[in-house]
Amino acid sequence: METRPFAGIEVPVIGMGTSKTYDVPEVDEARQQITDVAIDCGATFVDSSPMYGNAERILGATLGTRRREAIVATKVWTADDQEAERQIDASLRFFDGHVEVFQVHNLVGWRPRLDQLEARRDAGQVDVIGATHWRADAFDELEAVMRSGRIAAIQVPYNPHEREVEQRILPLAADLGVGVILMRPFAAGGLIGRAPDDAALAPLAPFGVSNWSQALLKYGLSHPATSVSIPATSRPERMANNAAAGDGPWFGAEEKALVERLAA
Ligand SMILES: NC(=O)c1ccc[n+]([C@@H]2O[C@H](COP(=O)([O-])OP(=O)(O)OC[C@H]3O[C@@H](n4cnc5c(N)ncnc54)[C@H](OP(=O)(O)O)[C@@H]3O)[C@@H](O)[C@H]2O)c1
């Protein structure tokens, strides 16, 4: 698994999201297997949020004694200052007292949230502070937060159907040295149902692509400003398939244009 620099640390290019897929009442065999496969494959960057129901608790429980092998990214998501403190405390409990990447989810109350996260960083509980948004109409505000110098990471969508970040957000991240977590590589599954046949994907075989999901993962990671892609899955074998897209060579303009045509 290739690694890239990200806010002063090295991260694997493929990680894992937990929205919907880890919102189950208790740890089950599938969730335990997915986490184990992710860590075994080197897809050790795992992303969660209090917005995802039980996901943080389930992720923390499945990491278990392997917690230190993972790079945990989670979020705070509330307009209320006291509730934010409660969310941050809960996250720290789920992840053994430390969170590597703490993000302001959807920029909700970002000024007071950054004050709180900076205090947690000063206390040694958090390493990297970031911010996320999934909608292009929030990117002006995200850009302002990036320019504030208070965050070292962003999380944004990027796939052939959601390319708005190419215009200003990714170039700015590269200029500022801000790490980029790529969410929704499959457009929340919306791009997966359009899988082209093997003949259409044949030109991508020299790039190590053996199926459509790998083509989509490589599409996003071929932008040089990106650090780590976080596909979510509820099936362990898909986690292994996704992790296998984590090595170069990366696509050039021709291959990216092909994926865009196949996704159209
Ligand atoms: N505002 C925010 O900060 C924000 C917003 C959205 C997402 N996120 C983060 O980004 C992560 C990823 O985004 P997402 O979960 O919305 O969407 P996604 O990763 O683009 O797509 C997930 C879907 O793809 C399917 N899938 C995964 N691997 C596959 C494979 N190899 N073959 C076929 N299907 C596959 C999954 O179905 P199966 O379960 O059936 O495999 C699932 O339905 C989230 O989990 C979350 O951590 C953050």
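This report walks through the sheet, a few helices and loops, and the ligand site of a predicted model.

Some ground rules: local features need pLDDT of at least 70, side-chain atom pairs count only at pLDDT 80 or more, and totals for chains, interfaces and linings use all residues. Residues are numbered from 1 along each chain as its sequence is written, and side-chain values use heavy atoms, with hydrogens and water left out.

**The sheet**

Let's start with the strands. Helices (H or I, at least four residues) and strands (E, at least two) are DSSP runs, numbered from the N terminus. Two strands pair if DSSP finds at least two bridges between them. There's an open sheet of 8 strands, in the order β3-β4-β5-β6-β7-β8-β9-β10, with parallel pairing. At its edges stand β3 (16-17) and β10 (228-229); each has a single partner strand, so one side of each is left without a neighbour in the sheet.

Burial comes up a lot from here on: buried means under 20% relative accessible area, exposed over 50%, and partly exposed in between, with a 1.4 Å probe and protein chains only. Strand β9 (residues 179-183) is largely enclosed by the rest of the structure, because 5 of its 5 residues are buried. Both of its faces are covered, with Gly-179, Ile-181 and Met-183 on one side and Val-180 and Leu-182 on the other. β9 runs parallel to β8, joined by 5 bridges. Strand β7 is largely enclosed too, since 6 of its 7 residues are buried. Another 5 bridges join β7 to β6, again in parallel.

A few bridge partners, including one from the hairpin described next, look like this:

| Residue | Partner | Strand of partner |
|---|---|---|
| Ala-153 | Gly-179 | β9 |
| Pro-157 | Met-183 | β9 |
| Gln-103 | Gly-130 | β7 |
| Phe-6 | Ile-9 | β2 |

**The hairpin**

β1 (residues 3-6) and β2 (residues 9-12) pair in the antiparallel sense over 4 bridges. They form a hairpin with 2 residues between them, and Ala-7 in the turn has a positive phi of about 50°. In a regular strand the side chains alternate between the two faces of the sheet. Along β1, Arg-4 and Phe-6 point to one face and are buried, while Thr-3 and Pro-5 point to the other and are not.

**Helices α4 and α1**

What span would you expect for helix α4 (residues 110-122)? The expected span of a helix is 1.5 Å times one less than its number of residues. For the 13 residues of α4 that gives 18 Å, and the end C-alpha atoms are 18 Å apart, which agrees. Its buried residues are Trp-110, Arg-113, Leu-114, Gln-116, Leu-117, Glu-118 and Arg-120. The cover over them includes β5 (71-76), α3 (81-94), β6 (99-104), β7 (126-132) and α5 (139-147). After α4 comes Gly-124, with a positive phi near 80°.

Over in helix α1 (residues 29-40) you'll find Arg-31. Arg-31 is buried, with a relative accessible area of 10%. Its side chain makes a 2.8 Å polar contact with that of Asp-28. A polar contact is a pair of N or O atoms within 3.5 Å; within protein, one must be able to donate a hydrogen and the other to accept it, and residues adjacent in sequence count only if both atoms are side-chain atoms.

**Two buried loop residues**

Contact here means heavy atoms within 4.5 Å. Ser-48 sits in the loop between β4 (45-47) and α2 (55-63). At 0% relative accessibility, Ser-48 counts as buried. Not counting residues up to four places away in sequence, Ser-48 touches Thr-18, Ala-55, Glu-56, Leu-59, Ala-73, Thr-74 and Lys-75.

Val-165 is in the loop between β8 (153-157) and α6 (169-176). Val-165 counts as buried as well, at 1% relative accessibility. Leaving aside neighbours within four places in sequence, Val-165 contacts Phe-139, Val-156, Pro-157, Tyr-158, Leu-170 and Pro-171.

**The ligand**

Which residues are closest to the ligand? Of the 28 residues that surround it, the closest are Asp-47, Asn-106, Phe-186, Thr-233 and Ser-234. Being near a molecule takes a heavy atom within 4 Å of it. A ligand oxygen atom is 2.6 Å from an N or O atom in the side chain of Thr-233. A ligand oxygen atom is also 3.2 Å from a polar backbone atom of Thr-18. The protein covers 86% of the 910 Å² of accessible area that the ligand has on its own, with areas from the Shrake-Rupley method and a 1.4 Å probe; for residues, only the protein chains shown count as cover.
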